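Student: I am new to this structure and would like to learn how to read it. Please show it to me and take me through its features.

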Amino acid sequence: MAEGAEHHTGGCQCGAVRFRVTGLLGKASICHCRMCQKAFGGFYAPLVSIRDEAELTWTRGEPKRFQSSNVVARGFCEACGTPLTYEAPDGVAIAIGAFDKPSDIAPVIQYGVEGKLPYTDHMAEIPARLTEEDVETAAFLASIVSNQHPDHDTDTWSPVKPDENQNG
């Protein structure tokens, strides 16, 4: 890739796996199929493609992979379980939430809408509040010490082992 080319960084929740994408990102999407719902443990999978326009480099560690079908493998962090990749014969897509700046990557299309959970179209109508407005849990929230890797590259990082983390 050319010097000065666009780049994006990201990684898993614990910091054991980090990546850099140099070049233009492909199409960002949301997939509602049941396989993606299970792979992400969520209502859908937000992904952005990394194809010929960009180069993906694993800068710390590398994902483990689960062969979710005869043609697709799913990459995830072995240490913390963060979903990271969708790997198909036509290229790799990365989980938008794994990027350090996910707000920079807006989905432009939805796939697998036959599997869409019906209430996802009405999420904006559900009452919402800021974390600090949850007065009943203020003491609990104040006691939380995050072990999550920061949203930027670090020279070194030692992920917390599961038995060392008592706060989830």
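Tutor: Along the sequence, the protein chain follows the pattern β-β-β-α-β-β-β-β-β-β-β-α. The model is predicted, with local features needing pLDDT of at least 70 and side-chain atom pairs counting only at pLDDT 80 or more, while totals for chains, interfaces and linings use all residues. Residues are numbered from 1 along each chain as its sequence is written, and side-chain values use heavy atoms, leaving out hydrogens and water.

Student: How many helices and strands does the protein chain have?

Tutor: Helices (H or I, at least four residues) and strands (E, at least two) are DSSP runs, numbered from the N terminus. The protein chain has two helices and 10 strands. Its C-alpha atoms fill a box of roughly 50 × 45 × 35 Å along the principal axes.

Student: How do I read a sheet?

Tutor: Two strands pair if DSSP finds at least two bridges between them. In a regular strand, side chains alternate between the two faces of the sheet. One open sheet here has three strands in the order E1-E2-E5, with antiparallel pairing. Strand E1 (7-11) and strand E5 (54-60) stand at the edges with a single partner strand each, so one side of each has no neighbour in the sheet. From one strand to the next, the twist averages 20 degrees; axes for such angles are lines fitted to C-alpha atoms, for helices over the stretch in contact, and angles run from 0 to 180 degrees between N-to-C directions.

Student: How many bridges join strand E2 to E5?

Tutor: Six bridges join strand E2 (residues 18-23) to E5, and the two run antiparallel. Arg18 has Arg60 in E5 as its bridge partner.

Student: What is the strand order in the sheet of seven strands?

Tutor: That open sheet has the order E6-E7-E8-E9-E4-E3-E10, and its pairing is mixed. E6 and strand E10 (109-111) are the edge strands, each pairing on one side only. The twist averages 30 degrees from one strand to the next.

Student: Where are the hairpins?

Tutor: Follow the strands in sequence, starting at E6. A hairpin joins E6 to E7 through five residues. Four antiparallel bridges link strand E6 (residues 64-67) with E7, and the bridge partner of Phe66 in E7 is Arg74.

Tutor: Next, E7 and E8 form a hairpin with six residues between them, where Gly81 in the turn has a positive phi of about 85 degrees. Strand E7 (residues 73-76) and strand E8 (residues 83-88) pair in the antiparallel sense over four bridges. Gly75 is opposite Thr85 in E8, and Phe76 has Pro83 in E8 as its bridge partner.

Tutor: E8 and E9 then form a hairpin with two residues between them. Four bridges pair E8 with strand E9 (residues 91-95) in the antiparallel sense. Here Glu87 stands opposite Val92 in E9, and Tyr86 has Ala93 in E9 as its bridge partner.

Student: How many disulfides does the structure hold?

Tutor: A disulfide is a covalent bond between the sulfur atoms of two cysteines. The cut-off is a pair of cysteine sulfur atoms within 2.5 Å. The structure holds zero disulfides. The closest cysteine sulfur to that of Cys33 is in Cys31, 3.6 Å away, which is too far for a bond. For Cys80, the closest is in Cys77 at 3.7 Å, again too far for a bond.

Student: Is Cys80 buried, exposed or partly exposed?

Tutor: Buried means under 20% relative accessible area, exposed over 50%, and partly exposed in between (1.4 Å probe, protein chains only). Cys80 is partly exposed, with a relative accessible area of 31%. Buried residues make up 32% of the 168 residues in the protein chain.

Student: Which residues touch the most other members of the largest nonpolar core?

Tutor: A nonpolar core is a set of buried Ala, Val, Leu, Ile, Met, Phe, Trp, Tyr and Cys residues joined through side-chain atoms within 4.5 Å. Of the 18 residues in the largest one, Val21, Leu25, Val48, Phe99 and Ile105 touch the most other members. E2, strand E4 (45-50) and E9 each supply at least two residues of this core. A second, separate core of five residues includes Cys31, Cys36, Ala45 and Ala93.

Student: What is Val48 in contact with?

Tutor: Contact means heavy atoms within 4.5 Å. Leaving aside neighbours within four places in sequence, the contacts of Val48 include Leu25, Val92, Ile94, Phe99 and Ile105.
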